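Work through the exercises below with the structure in view. Try each task before reading its solution.

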Amino acid sequence: KDPLTFREVHEFYLPILKNLNGKNIDIFDIHYYGDKGEYDKYQGMKLAYDFFRSALDENGYRNTEIWFTETAVPSKPFGERFQSINLVKRYIYSLSFGGKKIFWWNMIEGEGPLLEEDKPSNHFGLVYDGIGKDDPGYGVKKLSYYTYKKMVEVLEGSDWNNIQTIQEKDGIYIYKFTKQGKSIWVAWNDNKEKKEIVISGINSSQVKITESIPKYESGKDVSDYNAAFETEIKTVQNGKITIILGKNPVYVGEK
């Protein structure tokens with residue numbers, strides 16, 4: 001939601017920032033989930049970030065980092081794949097515009113015993129808690145668990161101060177990371193239909209394209225993590241490649 005619509009922003013947070021005048025705040029924290037039933041609307045993270053970044057800068061906190069210490073998407077009722085896709089988008093998107101740290105709400109799902117309703121927030125975790133209808137059992141890992149693991153493996157060691165936004169229009173999002181002297185692009189497609197994209201400026205003869213989500217419908221079907229993700233080696237021509245983007249975000253890494 002637009003932060004300007006929240007009364008507590010104007011009556012609580014902004015007066016505190018003004019009165020403290022640059023003192024006693026090391027980190028500013030944002031919790032972002034999204035409107036009920038609209039967990040795929042991750043773009044609201046930038047709206048919140050820009051608003052508070054401006055407020056911090058105007059009140060003496062230009063060097064204060066902004067962290068998202070709570071964000072999440074439920075696996076139920078939308079499905080494990082929906083959760084996984086939006087996990088990647090939330091992390092990459094918020095890192096691209098300046099978020100310094102992002103914390104998923106919890107590793108194991110659940111907010112305690114399910115009482116009267118099986119609400120979405122009971123299903124934010126990356127691992128099942130064994131409670132509720134259709135739960136496959138305590139400790140069973142979701143697709144999102146393996147998605148998070150792959151994201152860390154691919155991007156760990158990147159220059160976090162040098163993330164380039166290549167495209168954010170027409171439903172296509174492309175970001176460029178630099179890791180150990182090589183480039184890694186993360187791209188996704190928010191359109192309902194597949195889209196053809198061109199990635200340029202490639203400094204290698206080949207790239208490895210890796211799907212960010214395992215090729216299964218449920219994490220319980222992943223028996224071999226190393227073989228769980230679809231990959232493709234593509235030859236680069238004139239520093240460019242053309243790929244077809246579907247629903248899943250992909251990693252495109254120079255070989």
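A residue counts as buried under 20% relative accessible area, as exposed over 50%, and as partly exposed in between. The model used here is predicted.

**Exercise 1.** Decide whether phenylalanine 12 is buried, partly exposed or exposed, and find the surface patch to which Phe12 belongs.

Solution.
- Step 1: Locate the residue. Phenylalanine 12 sits in helix α1, which covers residues 7-20.
- Step 2: Take its relative accessible area, 46%. The range between 20% and 50% is the partly exposed class, so phenylalanine 12 is partly exposed.
- Step 3: Look for its partners on the surface. Phe12, Tyr13 and Ile16 make a nonpolar patch of about 270 Å².

**Exercise 2.** Describe the largest pocket: what is its volume, and which residues are closest to its centre?

Solution.
- Step 1: Recall the principle. Rolling a probe the size of a water molecule over the atoms shows where empty space is left.
- Step 2: State the volume. For the largest pocket it is about 520 Å³.
- Step 3: Examine the lining. It has 23 residues, and Tyr91, Leu95, Lys100, Ile102 and Trp160 are the closest to the centre.
- Step 4: Assign elements. Two or more lining residues come from each of α3 (80-96), β3 (101-104) and α4 (143-155).
- Step 5: Sort by type. The lining holds 14 nonpolar, 6 polar and 3 charged residues.

**Exercise 3.** Which parts of the chain are tied together by the salt bridge of arginine 81 and glutamate 217, and which by that of aspartate 190 and lysine 89?

Solution.
- Step 1: Recall the principle. Side chains of opposite charge can pair when their charged atoms come close.
- Step 2: Check the distance for the first pair. The closest N and O atoms of arginine 81 and glutamate 217 are 3.7 Å apart, and the cut-off for a salt bridge is 4 Å.
- Step 3: Place both ends. Arginine 81 is in helix α3 and glutamate 217 in the loop between β8 (206-211) and β9 (231-235), so this bridge ties together parts 136 residues apart in sequence.
- Step 4: Classify both ends. Arginine 81 is buried at 18% relative accessible area, whereas glutamate 217 is exposed at 59%.
- Step 5: Turn to the second pair. Aspartate 190 and lysine 89 meet with an N to O distance of 2.6 Å. Aspartate 190 lies in the loop between β6 (182-189) and β7 (195-199) and lysine 89 in helix α3, so the parts tied together are 101 residues apart in sequence.
- Step 6: Classify these ends as well. Lysine 89 is buried at 8%, and aspartate 190 is partly exposed at 30%.

**Exercise 4.** Examine the backbone at asparagine 24, aspartate 170 and the bond between lysine 76 and proline 77.

Solution.
- Step 1: Recall what to expect. Most residues other than glycine have a negative phi, and most peptide bonds are trans.
- Step 2: Read phi for asparagine 24. The angle is positive, about 65 degrees. Asparagine 24 lies in the loop between α1 and β1 (27-32) and is exposed, with 71% relative accessibility.
- Step 3: Read phi for aspartate 170. Here too the angle has a positive value, near 55 degrees. Aspartate 170 is in the loop between β4 (164-169) and β5 (172-179), and its 60% relative accessibility makes it exposed.
- Step 4: Check the peptide bond. Lysine 76 and proline 77 are joined by a cis peptide bond with omega about 15 degrees. Proline 77 belongs to the loop between β2 (65-71) and α3.

How values were computed. Residues are numbered from 1 along each chain as its sequence is written. This is a predicted model: local features need pLDDT of at least 70, side-chain atom pairs count only at pLDDT 80 or more; totals for chains, interfaces and linings use all residues. Side-chain values use heavy atoms; hydrogens and water are left out. On a 1 Å grid over the protein atoms alone, a cavity is a set of points where a 1.4 Å probe fits but cannot get out, and a pocket is an open set with protein on both sides within 12 Å along at least five of seven lines; lining residues have an atom within 4 Å of a point. Grid points are joined across faces, edges and corners, and a volume is the space filled by probe spheres set on the points. Helices (H or I, at least four residues) and strands (E, at least two) are DSSP runs, numbered from the N terminus. Ala, Val, Leu, Ile, Met, Phe, Trp, Tyr, Cys and Pro count as nonpolar, Asp, Glu, Lys and Arg as charged, and the others, Gly among them, as polar. Patches are made of residues with over 30% relative accessible area and no salt bridge: like charges are joined within 9 Å, nonpolar side chains (Val, Leu, Ile, Met, Phe, Trp, Tyr) within 5 Å. Accessible areas come from the Shrake-Rupley method with a 1.4 Å probe; for residues, only the protein chains shown count as cover. A salt bridge is a side-chain nitrogen of Lys or Arg within 4 Å of a carboxyl oxygen of Asp or Glu. Buried means under 20% relative accessible area, exposed over 50%, partly exposed in between (1.4 Å probe, protein chains only).
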